[in-house]
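Student: Could you take me through the sheet in this model, strand by strand, and then show me how it connects to the rest of the chain? I'd like one joined-up account that I can follow with the structure open beside me.

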Amino acid sequence: MTPTQPPPYPPPEPSPDPGAGSGHGQGHGHSHSHGPAAPVSRHLRKVIAAILIPFAAAVLIGLAVLWPGGAPAHERTGVGFDRQTQDATVTKVVEVSCQSVNASGGVPTGDTSTAEGSSAQQQADGTCKKATIRVDTGDDKGRTFNEIVQPDQTRQLEQGQEVVVAYEPSAPEDLQYSVTDVNRRFPLALLAGIFALAVVAVGRLRGVMALVALAVSFLVLNFFILPAILQGSNPLVVAVVGASAIMLLALYLCHGLSARTSVAVLGTLISLLLIGVLGSVFIGWAALTGNTDDNTGLIHGLYPGIDMSGLLLAGVIIGSLGVLDDVTVTQTSAVWELHEANPSMGRRGLYRAGIRIGRDHIASVVNTLVLAYAGAALPLLLLFSIAQSGVGTVANSELVAVEIVRTLIGSIGLVASVPVTTVLAALVVSADRPPAGVREGRGQEEGRGRAQVPDARSATGRGGRGRRRKR
């Protein structure tokens, strides 16, 4: 063999189909993390549509059948949140002797080592505050009344402070109004504005769509789920229909109408069904009534027809939906990106790579869910700790058992959503049949690549010294 210089490689011919791509065959025909998902073949779109269109139609029918048209009216009880309230302002605060303003006026003789005895002693010997409060809204706008603030009260009133007052028309005139809370609407609105700006600044258009999806979720919750339950509809059915509507609207608004989003919807739906089945079985088996505090007791008193255990199950389903969306979208996007990075990877390889990502996601999300529920129930856990109750006694009480069942069922649904969504995504991207033009372009690229491989190897063998010198 003579050491002649090999002829130069011919330049690659331009692809006749602009969608065929170049280099790795699909590199420019697919979008990446910041663009829309790569379209799949028409055949696969038909398969996905055959599953999701009947599901979406069933959700629309459920919304139409169960639509409540507003919450049913009832007479206010004056208990808890079920009372008339108005905005007011503290106009004046003066210090007065507690003994002169307390009703009894007597000297306490109880044991001051107890909380009740100590409070009575403070009310007798301490300095109280007499606050003058002006009503700012309603029919009695401009009316003033006085309220005594004891020294051991948690909330102390200050001049100029904005408060919320409750109105009870059946009480004596000087006792019709009373302070119930601080008016904190402005700081909450400011915090919500900062949150919205942060989401839009970082997420841009996706952030805007996420806020729209959040608003839609609140609308479905306030105008469908809550009024339908109050009107006596089955809480489980209402929760399933409402959660499905929120899922469809939120996912497609945030992530676009694509096969990738549809796979996430399917994964979320399957996981929600699992959560519903497990919740129905274990809530009934553990005999959880759902009537665990004053608020649920008030609801049951006002609307005795509501199934409180069904309401508990509805809360489990709706509470799990938000985290499920996060897990399923992340897993679907991971499998799609793996396929775009290596189109030759089969369904098994895609599943194995995707499930490795999912395991890390499972560990963090489950821990987050457990800590979220523990944080919400922290005052209750402190009470059990003070009482020095055993773990078995604490877990067996319905107050804690409800949170345990809620946490574990939601966590099982989250864990199951990872393999389910990963399998669906791997099957969809590996079974994709691209259009004929794209297949033709890919075949030409693969043929040119195979034709060039022997030449490249022979050139490497002939030019071995040159390659060593470059190293």
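Tutor: Happy to! Let's begin with strand 4 and strand 5, which run antiparallel and are joined by 5 bridges. To find this pairing on your screen, look for Val163, which stands opposite Val182 in strand 5. Please keep in mind throughout that this is a predicted model.

On to the next pairing. Strand 4 (residues 162–167) is also joined to strand 1 (residues 84–97), by 6 bridges, and these two run antiparallel. A handy marker here is Thr89, which stands opposite Glu162 in strand 4. Strand 1 is in turn joined to strand 2 (residues 127–135) by 9 bridges, again in an antiparallel arrangement. For that pairing, pick out Lys92, whose bridge partner in strand 2 is Thr132.

Put together, these pairings belong to an open sheet of 5 strands in the order 3-2-1-4-5, with antiparallel pairing. Strand 3 (144–149) and strand 5 (177–182) stand at the edges with a single partner strand each, so one side of each has no neighbour in the sheet. As you step across from one strand to the next, the twist averages 45 degrees.

How does the sheet connect to the helices? One link is a salt bridge between the side chains of Asp87 and Arg185, at 2.9 Å from N to O. Asp87 lies in strand 1 and Arg185 in helix 4, so this pair ties together parts that are 98 residues apart in sequence. The structure holds 8 salt bridges.

Helix 4 then takes us to a pocket. The second largest pocket has a volume of about 440 Å³, and the elements giving two or more residues to its lining are helix 4 (185–230), helix 5 (235–255) and helix 8 (308–341). Of the 17 lining residues, Ser217, Ile246, Ala250, Gly322 and Asp325 lie nearest the centre of the pocket. By class, the lining divides into 12 nonpolar, 3 polar and 2 charged residues.

Finally, follow helix 8 to its contact with helix 6. Two packed helices are described by the angle between their axes and the distance between the axes. The axes of helix 6 (residues 259–285) and helix 8 come within 7 Å and cross at roughly 150 degrees, and the crossing is right-handed. In the contact of helix 6 with helix 8 there are 14 nonpolar, 11 polar and 4 charged residues.

If you'd like a route to retrace, start at Val163 opposite Val182, go on to Thr89 opposite Glu162, and then take the salt bridge from Asp87 to Arg185.

Note on methods. Residues are numbered from 1 along each chain as its sequence is written. This is a predicted model: local features need pLDDT of at least 70, side-chain atom pairs count only at pLDDT 80 or more; totals for chains, interfaces and linings use all residues. Side-chain values use heavy atoms; hydrogens and water are left out. Two strands pair if DSSP finds at least two bridges between them. Helices (H or I, at least four residues) and strands (E, at least two) are DSSP runs, numbered from the N terminus. On a 1 Å grid over the protein atoms alone, a cavity is a set of points where a 1.4 Å probe fits but cannot get out, and a pocket is an open set with protein on both sides within 12 Å along at least five of seven lines; lining residues have an atom within 4 Å of a point. Grid points are joined across faces, edges and corners, and a volume is the space filled by probe spheres set on the points. Ala, Val, Leu, Ile, Met, Phe, Trp, Tyr, Cys and Pro count as nonpolar, Asp, Glu, Lys and Arg as charged, and the others, Gly among them, as polar. Axes are lines fitted to C-alpha atoms, for helices over the stretch in contact, and angles run from 0 to 180 degrees between N-to-C directions. A crossing is left-handed if the near helix is turned anticlockwise from the far one by less than a right angle, and right-handed if clockwise. A salt bridge is a side-chain nitrogen of Lys or Arg within 4 Å of a carboxyl oxygen of Asp or Glu.
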